Amino acid sequence: MSREPCMCGATDCPRCYPLNRRQATVTERDRADALTDIVDEVMDYGRYPRRGRAQVDLYEFVSEHLDTSFAFELVVAVLSSDKETVQTRISRLYDQVQEMLKKHYIDCDIVEELAQEIADASEE
């Protein structure tokens, strides 16, 4: 026999909503950590989340937001014999894309969702 809800209408009622937990307050630090985690995962694995359906895809992001002249710069650098130049250009491009991702996703829902998870985990 299952318990009947009390029908009080309050969303925080443990009898009506037994699975409804109070969420922790999200701080700016939680948001910053969430944004950093998302950007790092995108830069390391090419997508976020790493498994499952991608909410952020690095290939699509770069093709939509980055000027294609970077490809010509990299081709010229690779064809030259100066390996230090290649590494310098790759580092510069990496930093540029990382900053673009941070600016683009700073106010997105995926950052808020991960920040909420971080806040909930730190409260437990």
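How many helices and how many strands are there in the chain? In this predicted model, the count comes to 5 helices and 2 strands. Followed along the sequence, these elements come in the pattern α-β-β-α-α-α-α. The chain has 124 residues, and buried ones make up 25% of them. About 9,500 Å² of the chain is exposed, with carbon and sulfur atoms supplying 51% of that area. As for contacts between residues at least 6 apart in sequence, 56% of them join residues at least 24 apart.

The two strands come with a feature of the backbone. Strand S1 covers 47–48 and strand S2 covers 56–57, and Pro49 sits in the loop between them. The peptide bond leading from Tyr48 into Pro49 is cis, and its omega is near -10°.

Next comes helix H2, which takes in residues 58–65. Leu58 belongs to this helix. Is Leu58 buried or exposed? With a relative accessible area of 19%, Leu58 is buried, though the value has to be read against a cut-off of under 20% for that label. Setting aside neighbours within four places in sequence, Leu58 makes contact with Val42, Met43, Gly46, Val97 and Leu101. There is also a C-alpha distance to report here: Leu58 and Val39 are 19 residues apart along the chain, and their C-alpha atoms are separated by 9.7 Å.

Val62 is another residue of helix H2. Its relative accessible area is 18%, so Val62 counts as buried. Once neighbours within four places in sequence are left out, Val62 is in contact with Phe70 and Val97. Val97 also turns up among the contacts of Leu58. Val62 and Leu101 lie 39 residues apart in sequence, while their C-alpha atoms are 9.4 Å apart in space.

Helix H2 also has a part in the aromatic side of the story. The structure holds 1 aromatic pair. It is made by Phe61 and Tyr105, whose ring centres are 6.1 Å apart and whose planes meet at 40°, so the pair is tilted. Why does this pair tie together separate parts of the sequence? Phe61 lies in helix H2 and Tyr105 in helix H4, so the pair links parts that are 44 residues apart in sequence. Both partners are covered: Phe61 is buried at a relative accessible area of 4%, and Tyr105 is buried at 14%.

Helix H4 comes up again with the largest pocket. This pocket has a volume of about 150 Å³. Which residues line the largest pocket? The lining is formed by Leu66, Asp67, Ser69, Phe70, Glu73, Leu74, Arg89, Arg92, Leu93 and Gln96. Helix H3 (69–79) and helix H4 (83–105) each supply at least two of the lining residues. By residue class, the lining divides into 4 nonpolar, 2 polar and 4 charged. Phe70, one of the lining residues, is also a contact of Val62 in helix H2.

That leaves the last stretch to be described, helix H5, which runs over residues 109–123 and includes Gln116. Gln116 is buried, with a relative accessible area of 16%. Which residues does Gln116 touch, not counting those up to four places away in sequence? The partners are Gln23, Ala24 and Val26.

Technical notes. Residues are numbered from 1 along each chain as its sequence is written. This is a predicted model: local features need pLDDT of at least 70, side-chain atom pairs count only at pLDDT 80 or more; totals for chains, interfaces and linings use all residues. Side-chain values use heavy atoms; hydrogens and water are left out. On a 1 Å grid over the protein atoms alone, a cavity is a set of points where a 1.4 Å probe fits but cannot get out, and a pocket is an open set with protein on both sides within 12 Å along at least five of seven lines; lining residues have an atom within 4 Å of a point. Grid points are joined across faces, edges and corners, and a volume is the space filled by probe spheres set on the points. Helices (H or I, at least four residues) and strands (E, at least two) are DSSP runs, numbered from the N terminus. Ala, Val, Leu, Ile, Met, Phe, Trp, Tyr, Cys and Pro count as nonpolar, Asp, Glu, Lys and Arg as charged, and the others, Gly among them, as polar. Buried means under 20% relative accessible area, exposed over 50%, partly exposed in between (1.4 Å probe, protein chains only). Contact means heavy atoms within 4.5 Å. Accessible areas come from the Shrake-Rupley method with a 1.4 Å probe; for residues, only the protein chains shown count as cover. Rings of Phe, Tyr and Trp (its six-membered ring) pair if their centres lie within 6.5 Å; planes under 30 degrees apart count as stacked, over 60 as edge-to-face and the rest as tilted.
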